[in-house]
Amino acid sequence: MIARSKKGSCSSQLCLALCTFGLALLGDVSRAVPMDDQDYYLQEITNRDHYYSFPYPGEEFFPFTEQPGEEGPHRAAETEEHPRFKPSRKELKPKKNNKKGKPILETPPDCPPLGLETLKITDFQLHASTAKRYGLGAHRGRLNIQAGVNENDFYDGAWCAGRNDPYQWIEVDARRLTKFTGVITQGRNSLWSSNWVTSYRVLVSNDSHAWTAVRNESGDVIFTGNSEKEIPVLNMLPVPLVARYIRINPRSWFEEGSICMRLEILGCPLPDPNNYYHRRNEMTTTDNLDFKHHNYKEMRQLMKTVNKMCPNITRIYNIGKSNQGLKLYAVEISDNPGEHEVGEPEFHYIAGAHGNEVLGRELILLLMQFMCQEYLAGNPRIVHLIEDTRIHLLPSVNPDGYDKAYKAGSELGGWSLGRWTQDGIDINNNFPDLNSLLWESEDQKKSKRKVPNHHIPIPDWYLSENATVAVETRAIIAWMEKIPFVLGGNLQGGELVVAYPYDMVRSMWKTQDYTPTPDDHVFRWLAYSYASTHRLMTDARRRACHTEDFQKEDGTVNGASWHTVAGSINDFSYLHTNCFELSIYVGCDKYPHESELPEEWENNRESLIVFMEQVHRGIKGIVKDVHGKGIPNAVISVEGVNHDIRTGADGDYWRLLNPGEYVVGVRAEGYTAATKTCEVGYDMGATQCDFTISKTNLARIKEIMRKFGKQPISLSMRRHRQRVRQWQQHR
């Protein structure tokens, strides 16, 4: 015993010396770590024992046990059971069945996703045993990640193991103690191959060396995986496990494919006040808003609540109904709701054209709450915006599709459930293709059919009852034709970029090609105004959501250079109305977990407001006759820009332009044309540029003759009658 004690004493002294030497080396190594990250790495290495010594508040850890016949301390270091939560009574209670005998769908788990899909989990936190190639590495093993058409060495649609055997794994480092509660898996996203895992084990670790498998009474739990490649499958752990690392070990896979996975981990990070790294990166909001996902009934109730709080500046109305008869509700925010004020521009945000892209819907609901609260609080910026702008917020264009996604839940709808309308139509690309009409007319200059460069009429075939047009699309078109919108944004999801028109390539032989509008510089500014004020869009350190890196254009992209689309809402709006419309992709995750909404609001809040303010950039004015009456449908043209706009019913107009000096012209049927020079400054606020035009001589004559009940007589008819009278006199 004495000898053993001496030996133990020597070992302790040796360990102490080695630890001291290691810490000295660590001090040298830490000098090479960037200053922002030194705290994290130092704490992770030096404070590991202290870091794991605190149980989660209100829970107990299962005690460590020694295997019989093994030396206690030495064996425990290799095979110790990791701390776990005891199952609560609710977790152990068997699920009830419904009347048909089928199990009721499990309610969403308490712990949210760690953030593989939202990119909160960085590429450096994902590791794998092997990979088929770089584009199929662990960093691509994220739920709902898309490979696109070009599956290549950089961007593919899953993690795929380099070998097909039961020793492969993919691992997530949570970087802190986490209560793991579940795993969601998918197969590989691919147009050309079918690969998915049909069963797997789950293991956890505190140091990434000693691993403990999830077990039940009969041994290691083998979880059922996927039966196809796109539908997510959720498996809840029998009891929550507390650890830093979690590893997925595929046991079987599709027999005609290989080991490929996309996944998300459900877990609650445990609080650690000593870890500065995590405190520094936590996002909080001070806005007192309703951060939750709202179903159709709850959305309607929220609108009523906002209207009740701010009855003097809000109005609820609907623009039509969905395929299933749900009303498409909108909220108007203005100092005179329900009335178009002469000289005041109209703006809109819409969301939910793809029913499963839910973040935009919730951002609009948050925006209407925020604007009401800030108006009541006297925020001068919001008060000024509401008093000078008529704002329309339409949060759910496709409520039928949203209902499908909502029932599946934030992580289980996959990439496309609820995207289309009830009758299977993609609203975003369901508008008439006016681009082709314009370009054919421009290419065939001798053609008898001339197409104007603005307000292009909708083709007759599109208006027929047999045309494949969603009722939701027809409702939006009628809404856009009724209200003289100047600027609009349609919020979408699945990416982090602002796309501006044209969305369709001009050449029929290309699928991607930069296709600018005559107002390209204006559109680029509008896109940049949103992207540059977003917390992440222009962050050069941000990884791409899927396959496209938009940093070279500062978080913006010409729609046609990304992928060509015929009949987009952006192109239709530009060519059929006065409205400049852009698509704003607000997040990589189409349907983020409820816990992510406060951070997503902070990411987008300033951008949403700044983009609305751009409606006051350019020129505005009223076109009147000599009696001071507004002239509707007058054409406003800008020299050097081959795209015109028209005045509204009261003769007022708004023309978005970047700072500069412009020669502006106006023409109207029966009136003399006029031009003047208007200068747009850099300060916010449109330049007033009014016109007073007089009627032409011919128009005056026609007006006088109509006034006295006479019609103008053509010269040939007058001569004929004169000859007849002369002939009668000579008889």
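Q: In this predicted model, contact means heavy atoms within 4.5 Å. Which residues does His392 touch, not counting residues up to four places away in sequence?
A: His392 is found in strand β14, residues 390–394. Neighbours up to four places away in sequence are not counted here. What remains is Tyr317, Val331, Glu332, Glu346, Phe347, His348, Tyr349, Trp479, Ile483 and Phe485.

Q: Is His392 buried or exposed?
A: A residue is buried when its relative accessible area is under 20%. The value for His392 is 0%, so His392 counts as buried.

Q: What separation do the C-alpha atoms of His392 and Glu332 have?
A: Glu332 is among the residues that His392 touches. Along the chain, the two are 60 residues apart. Their C-alpha atoms are nevertheless separated by 4.5 Å.

Q: Which residue's side chain is joined to that of His392 by a polar contact of 2.8 Å?
A: The candidates include Glu332 and Glu346, both of which His392 touches. The polar contact of 2.8 Å runs between the side chains of His392 and Glu346. The residue asked for is Glu346.

Q: Which residues are linked with Glu346 in a network of salt bridges?
A: In general, side chains of opposite charge can pair when their charged atoms come close. The network that includes Glu346 also takes in a second Glu and two Arg residues. Its other members are Arg315, Glu332 and Arg390.

Q: Why is strand β12 described as largely enclosed by the rest of the structure?
A: Strand β12 covers residues 327–333. It has seven residues, and the description rests on how many of them are buried. The strand is largely enclosed because the buried ones number six of the seven.

Q: How many bridges pair strand β11 with β12?
A: Strand β11 covers residues 314–321 and pairs with β12 in the antiparallel sense. One facing pair is Lys321 opposite Lys327 in β12. The count of bridges between β11 and β12 is six.

Q: Which residue in the hairpin of β11 and β12 takes a positive phi near 90 degrees?
A: The hairpin has five residues between the strands. The residue with the positive phi near 90 degrees is Gly325.

Q: Which residue of β14 stands opposite Val331?
A: Strands β12 and β14 run antiparallel and are joined by three bridges. Val331 is also one of the residues that His392 touches. The residue of β14 opposite Val331 is Leu393.

Q: How many residues apart are Asp287 and Arg605, which form a salt bridge?
A: The closest N and O atoms of Asp287 and Arg605 are 2.5 Å apart. Asp287 lies in the loop between α6 and α7, whereas Arg605 lies in helix α17, and the pair links parts of the chain separated by 318 residues.

Q: Is Arg605 buried, partly exposed or exposed?
A: Its salt-bridge partner Asp287 is buried, with a relative accessible area of 14%. Partly exposed covers values between the 20% and 50% limits. Arg605 has 21% relative accessibility, so Arg605 is partly exposed.

Q: What distance separates the closest N and O atoms of Asp443 and Arg506 in their salt bridge?
A: Asp443 is exposed, with a relative accessible area of 58%. Arg506 is partly exposed at 41%. The closest N and O atoms of this pair are 3.2 Å apart.

Q: Which backbone oxygen does the side chain of Asn558 reach at 3.5 Å?
A: Asn558 is found in strand β17, residues 556–558, and is buried at 1% relative accessibility. Leaving aside its neighbours within four places in sequence, its contacts include Tyr500, Pro501 and Asp513. The side chain of Asn558 reaches the backbone oxygen of Pro501.

Q: Which residues make the nonpolar surface patch of about 390 Å²?
A: One member, Val149, sits in the loop between β1 and β2. Val149 is exposed, with a relative accessible area of 57%. The full patch is made by Val149, Leu191 and Trp192.

Q: What share of the contacts in the chain with a separation of 6 or more comes from residues 24 or more positions apart?
A: The chain has 731 residues, of which 50% are buried. It contains 19 helices and 26 strands. For contacts with a separation of 6 or more, the share from residues 24 or more positions apart is 75%.

Terms used: Residues numbered from 1 in each chain as written. Predicted model: local features only at pLDDT ≥ 70, side-chain atom pairs only at ≥ 80, totals over all residues. Heavy atoms only, no water. Helix = DSSP H or I, 4+ residues; strand = E, 2+ residues; numbered from the N terminus. Buried < 20%, exposed > 50% of the residue type's maximum accessible area, 1.4 Å probe, protein only. Polar contact = N/O pair within 3.5 Å; in protein donor to acceptor, adjacent residues only side chain to side chain. Pairing = 2+ DSSP bridges. Patch = residues over 30% accessible without salt bridge, like charges linked within 9 Å, V, L, I, M, F, W, Y side chains within 5 Å. Areas by Shrake-Rupley, 256 points an atom, 1.4 Å probe, with all protein chains shown as cover. Salt bridge = Lys/Arg side-chain N within 4 Å of Asp/Glu carboxyl O.
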